[in-house]
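Trainee: Got a minute to walk me through this one?
Mentor: Sure, pull it up.

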Amino acid sequence: MAVHDDCKLKFLELKAKRTYRYIVFKIEEKQKQVIVEKLGEPTQSYEDFAASLPADECRYAVYDFDFVTAENCQKSRIFFIAWSPDTSRVRSKMIYASSKDRFKRELDGIQVELQATDPTEMGLDVFRSRAN
């Protein structure tokens, strides 16, 4: 599975410049490559991000999560989400599962990984508990 250069470039912009709040990636099956499907502006919320993931199709996503620690420090963590809803096609789930590690290696700087099959598995409470 190839990774379009744009995926790496946009991820670097999110990581270094915080140009985006999130990025949603899609595997283009015909071209056998991962492409950028959607970019979230820094002002967009977690709800915007969750709404951008299709209910019945797999996706990869990166989310820049800001939080405040118990010591009152402002921090952020870059989350990688492997979105694989139960209702998506079996073939699609297999392709996303088998390509995940290679794709993740292309994105240098991911701090936390989540695997989610429904929205409750990647809720804000899950982000908060995994961020520390």
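**Cores, a helix and two loops**

Mentor: The largest nonpolar core has 20 residues, and Phe25, Val34, Tyr60, Val62 and Phe103 have the most contacts inside it. Such a core is a set of buried Ala, Val, Leu, Ile, Met, Phe, Trp, Tyr and Cys residues joined through side-chain atoms within 4.5 Å. Buried means under 20% relative accessible area, exposed over 50%, partly exposed in between (1.4 Å probe, protein chains only).
Trainee: Which elements each supply at least two residues of this core?
Mentor: α1 (5-17), β2 (22-28), β3 (33-40), β4 (59-68), β5 (74-83) and α3 (90-106). Helices (H or I, at least four residues) and strands (E, at least two) are DSSP runs, numbered from the N terminus. A second, separate core has 19 residues, among them Tyr46 and Phe79.
Trainee: Is this predicted, and what are the ground rules?
Mentor: It's a predicted model: local features need pLDDT of at least 70, side-chain atom pairs count only at pLDDT 80 or more, and totals for chains, interfaces and linings use all residues. Residues are numbered from 1 along each chain as its sequence is written, and side-chain values use heavy atoms, leaving out hydrogens and water.
Trainee: New topic: which residues of helix α4 are buried?
Mentor: In α4 (residues 124-131), Val126, Phe127 and Ala131 are buried. The face turned away from that buried side carries exposed Asp125 and Ser129.
Trainee: And the loop between β4 and β5, what's found there?
Mentor: Asn72 is in that loop. Asn72 has a positive phi of about 70° although it is not a glycine, and is exposed, with a relative accessible area of 64%.
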